[in-house]
Amino acid sequence: MSSMPRLVVAAPSSGSGKTTVATGLMAAFAARGLAVSPHKVGPDYIDPGYHALATGRVGRNLDAYLCGPELVAPLFLHGARGCDLAVVEGVMGLYDGAAGEGELASTAHVAKLLRAPVVLVVDASSQSRSVAALVHGFASWDPEVRVGGAILNKVASDRHEELLREALDSAGVPVLGVLRRVAQVDTPSRHLGLVPVAERRGAAVEAVAAMAAQVAAGCDLAALEGLARAAGAVPGDSAPWTPALPSHVHPTRPAEKRTPVVAVAGGPAFTFSYAEHTELLTAAGAEVVTFDPLRDGQLPEGTAGLVIGGGFPEVYAGELSANEPLRKAVAELALGGAPVAAECAGFLYLCRELDGQPMCGVLDATARMSERLTLGYRDAVAVGDSVLAVAGTRMRGHEFHRTVVEPGAGAAPAWGVRTPVRRVEGFVQRGVHASYLHTHWAAEPGVAHRFVERCRTS
């Protein structure tokens with residue numbers, strides 16, 4: 001298991017074609033009969049949806065900031081159980097990490113933690129011989145990062161390819177693929193990046209198939225697989241992460257304790273979630289049931305707790321508002337004291353209104369779209385006790401939205417945030433914990449256990 005064949009797909013900058021190449025590679029290897037484990041560096045929720053389509057397995061994130069460097073290899077090995085090969089898509093440029101934190105959470109950092117070879121995807125559309133200087137610079141910047149080859153993207157012609165290959169011969173980095181621009185491989189974007197798979201359905205399936213066809217035709221799959229198989233063992237004595245909580249977190253649960261139903265929002269409006277959250281809730285003794293706030297008129301039968309993650313409620317504000325029976329059911333559950341954990345999109349859904357459309361009215365706050373993008377990692381501490389954490393619990397989170405909630409914090413805030421400026425944000429009231437911060441519960445597994453225990457006793 002610790003010698004899992006693996007590749008990291010990186011690029012000099014965003015927009016170079018990492019997602020196309022990584023997703024295409026995953027699908028192309030899967031088409032060869034390999035069980036492929038898909039991973040994404042950083043907190044991105046959208047790319048893993050395309051990865052899941054390509055491989056038939058859950059897309060998973062590897063974030064050294066949210067979870068800590070020590071969990072990267074265990075989470076990787078957990079996701080890769082039973083697979084033949086793993087493909088890790090990078091984030092931004094190869095060496096771009098958390099602001100002000102050096103290499104932390106960069107693609108290069110994760111590649112070193114996994115001791116995985118890097119394939120550099122280069123947008124060659126406006127260069128020829130200069131590509132050698134670019135690739136040489138990235139390959140030699142950090143001697144601990146092994147750039148095993150390059151894939152040239154957006155190549156204009158056979159002559160252009162010939163010039164690029166001649167230049168790269170002198171850089172000592174093999175060319176493992178050459179891709180032309182193909183219109184149907186492009187995936188639509190909007191204010192927060194690519195449109196999620198759940199919203200595109202058949203079009204997303206077609207896009208992934210096109211990526212696979214382009215990569216299979218333009219890349220040396222045998223050489224790429226060979227590079228992955230030469231990766232060797234994952235560093236250290238890492239064992240796969242497990243959602244089973246360590247014994248020091250809580251005592252053994254008596255078998256007679258009831259299994260509470262935890263409803264988790266899904267569907268096109270709420271697509272942002274980490275697979276480990278559901279696994280942790282299940283391991284803590286919950287029965288996890290997914291529901292769609294756009295379509296379902298009631299919460300799942302027996303719902304004792306509610307988890308509403310991120311997504312795009314602003315795109316579906318009218319439809320969410322029109323589903324009045326579910327809005328009332330959510331409000332009744334929350335006002336009755338049941339545990340409710342809401343992040344970002346879920347935070348907006350619990351407000352009185354979103355862009356003038358009535359929402360659940362659990363929180364005395366309004367939400368609206370904004371021109372300003374709020375983006376970045378956050379260091380946070382729980383201000384008071386809640387269904388997720390006791391006061392003083394420190395966690396790291398990530399904000400990513402173009403909305404504003406007014407007021408931004410309740411009388412009992414959810415978090416005190418230390419980055420980029422000191423402030424409080426979010427709401428804790430009755431059993432509700434609502435905040436803009438996305439957190440990764442694998443970093444603090446007691447969060448899921450505490451939530452499920454509250455579901456049992458509320």
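This report describes selected helices of the structure, their contacts and their burial.

The model is predicted, so that local features need pLDDT of at least 70 and side-chain atom pairs count only at pLDDT 80 or more, while totals for chains, interfaces and linings use all residues. Residues are numbered from 1 along each chain as its sequence is written, and side-chain values use heavy atoms, with hydrogens and water left out.

Helices here are DSSP runs of H or I with at least four residues, and strands are runs of E with at least two, numbered from the N terminus. The axes of α1 (residues 18-31) and α9 (residues 221-229) come within 12 Å and cross at roughly 95 degrees, which makes α1 roughly perpendicular to α9 (a term for angles of 65 to 115 degrees). In this pair, L25, A28 and F29 of α1 meet L221, L224 and E225 of α9, where contact means heavy atoms within 4.5 Å.

Two further helices can be set side by side, the expected span being 1.5 Å times one less than the number of residues.

| Helix | Residues | C-alpha span, first to last | Expected span |
|---|---|---|---|
| α12 | 324-335 | 16 Å | 16 Å |
| α14 | 446-457 | 17 Å | 16 Å |

In α12, the buried residues (under 20% relative accessible area, 1.4 Å probe, protein chains only) are L326, R327, A329, V330, A331, L333 and A334, and the helix is followed by G337, whose phi is positive, near 95 degrees. Helix α14 is mostly covered, with 9 of its 12 residues buried, among them H449, F451 and C455; the elements covering these buried residues include β10 (261-265), α10 (275-283) and β17 (394-406).

Technical notes: Axes fitted to C-alpha atoms, helices over the stretch in contact; angles between N-to-C directions. Parallel < 35°, antiparallel > 145°, perpendicular 65-115°, else oblique. Buried < 20%, exposed > 50% of the residue type's maximum accessible area, 1.4 Å probe, protein only.
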